[in-house]
Amino acid sequence: MTELRIPEVILRERRKKHLTQEELAAQLGVSSQAISNWERGGYPDITLLPRIANFFGITVDELIGNDEVNRKEDIQVFRDQFWSIPGDKQGFAKRLTLAKEYYQKYPGDYAIMHDLGYAIVNNMDTIADHAELMKEIHEKIMAGCNDEGYRRDSIHYMCYACTDEELEDRIGNSELDWSEAVAIGEIREDRYLLQNRIPEYYSQRNSNDLMIFMQYLGRNNMNYYRTEDAFVFDEPKRTAAWELHKLRLLEAFSDGGEIPEAWSGCYAECTLKAAGALIGCGKIDEGFDMLEKAFPRYERWLKIPAGALMDVGCHDVFGGAKITKWDSEKCTVEIYFEDGRNVWTPYLWLFWQLRGDIFAAMSQWRWFDSVKEDQRFGELYEKARELAGK
């Protein structure tokens, strides 16, 4: 509900016109006592509001203090005060009280909703008491607010305010964009830590760390387009740098010099991409050396049966996680952790390298066009054909 500011507006406008209370009373056809009463906090009869507003040359909204300028000024006063309150337990209690008060005044303002959500989730002792209020403002923000920061924060706050069951239901049924969806795992991690649910926090953290690593590995760094008979790639120098960096990163996870099984297919594919890109930017010898290395790396990956449970390495980093190799019949990849938790991953392409990949690349990637007359290319091409079963 908007706070009526009629008394201060009448006083302000009367002084602007340099009128006494008696003079204003005469203009409006009321008693001077009525003017005195209004300026001390009383309100005119509602039927007088248009006459008073017209006399002062303002709108009725401006008379009652509901004009846009006053609203913005009042909200700015709130925000300045809200964020100046200390961020300790007592301070957050004060912030919550203030934000609830202003939300009652301006129930449609998204900035106030955002700050109220922030205050709710930082008062963990009373968060359950405000869960319905948090849901109310979250639904308003998601339905009508276009500010991505407010939307993201609202989802974050809801992850604290909901019960576990409500949280999973909302995540499963919300229409989230990609940036909102990928944040859910980290929000769960924060929720468990804030609620002192330490075993669940560690479990979620392991899962998040693995997903972030997979997201990095899964980025497509080969900008390409397809013609009628071949793939044409841009930026071979940049692609080479990216793929070589990925290879070094994977090698840092090696155990006794061998890449963990789960990453061996990705390792083979990065090797192949690096080979093509190196040749594409004129580093012919380096490219052929890398291409030769791709064969045993693919061969190792191809020996692992579909659906096999593969170690990801770095036990202390990823919580002893294991990943199933892509199974074309089940069309899925699952991650399993030592604590019994299993999660699905969207990064399927890290685990589905095929027998014919090298042959297809050497046949279709135009990076190889400049070396097709090279003896080394001919020998490796026949080897790739054999590996593909052609």
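The paragraphs below go through helix packing, burial, salt bridges and selected residue contacts in a predicted model. Residues are numbered from 1 along each chain as its sequence is written, and side-chain values use heavy atoms, with hydrogens and water left out. Because the model is predicted, local features need pLDDT of at least 70 and side-chain atom pairs count only at pLDDT 80 or more, whereas totals for chains, interfaces and linings use all residues.

The N-terminal part comes first. Helices (H or I, at least four residues) and strands (E, at least two) are DSSP runs, numbered from the N terminus. Helix α1 covers residues 6-16. A salt bridge here is a side-chain nitrogen of Lys or Arg within 4 Å of a carboxyl oxygen of Asp or Glu, and the structure holds 16 salt bridges. Arg-12 pairs with Glu-13 in one of them, with 3.1 Å between the closest N and O atoms. Glu-13 also forms a salt bridge with Lys-16, at 3.4 Å from N to O. Glu-13 and Lys-16 are three residues apart in α1, so about one helical turn separates them. Arg-12, Glu-13 and Lys-16 are thus linked in a network of salt bridges.

The members of this network can also be described by accessibility. Buried means under 20% relative accessible area, exposed means over 50%, and partly exposed lies in between (1.4 Å probe, protein chains only). Glu-13 counts as buried because its relative accessibility is 6%. Arg-12, at 34%, counts as partly exposed, and Lys-16 is exposed, with a relative accessible area of 54%.

Further along the chain is helix α3 (residues 32-39), in which Ala-34, Ile-35, Ser-36, Trp-38 and Glu-39 are buried. The elements that cover these buried residues of α3 include α1, α2 and α4; contact means heavy atoms within 4.5 Å. After α3 comes Gly-41, whose phi is positive, near 130°.

Two of the covering helices also meet each other. Two packed helices are described by the angle between their axes and the distance between the axes. Axes are lines fitted to C-alpha atoms, for helices over the stretch in contact, and angles run from 0 to 180 degrees between N-to-C directions. Helix α2 (residues 21-28) and helix α4 (residues 49-56) cross at roughly 115°, and their axes come within 11 Å. The crossing of α2 past α4 is right-handed; a crossing is right-handed if the near helix is turned clockwise from the far one by less than a right angle, and left-handed if anticlockwise. On the α2 side the contact uses Leu-24, Gln-27 and Leu-28, and on the α4 side Arg-51, Ile-52, Phe-55 and Phe-56. By class, this contact has five nonpolar, one polar and one charged residues. Ala, Val, Leu, Ile, Met, Phe, Trp, Tyr, Cys and Pro count as nonpolar, Asp, Glu, Lys and Arg as charged, and the others, Gly among them, as polar.

Two single residues come next. Ser-207 is part of helix α14 (residues 198-218), and its relative accessibility of 6% is why Ser-207 counts as buried. Apart from neighbours within four places in sequence, Ser-207 is in contact with Phe-337, Arg-341 and Val-343. Lys-322 lies in strand β4 (residues 322-324) and counts as partly exposed at 33% relative accessibility. Not counting residues up to four places away in sequence, Lys-322 touches Leu-309, Met-310, Asp-311, Val-312, Glu-334, Ile-335 and Tyr-336.

A second helix pair is formed by helix α19 (residues 357-364) and helix α20 (residues 375-388), which pack at an angle of about 135° with their axes 7 Å apart. That angle makes α19 oblique to α20; angles under 35 degrees count as roughly parallel, over 145 as roughly antiparallel, 65 to 115 as roughly perpendicular and the rest as oblique. The crossing of α19 past α20 is left-handed. Ile-358, Phe-359, Met-362 and Ser-363 of α19 meet Phe-377, Leu-380, Tyr-381, Ala-384, Arg-385, Leu-387 and Ala-388 of α20. The classes in this contact of α19 with α20 are nine nonpolar, one polar and one charged residues.

Arg-385, one of the α20 residues that meet α19, also forms a salt bridge with Glu-382, the closest N and O atoms being 3.5 Å apart. Since Glu-382 and Arg-385 are three residues apart in α20, about one helical turn separates them. Glu-382 is partly exposed at 44% relative accessible area, and Arg-385 is partly exposed at 29%.
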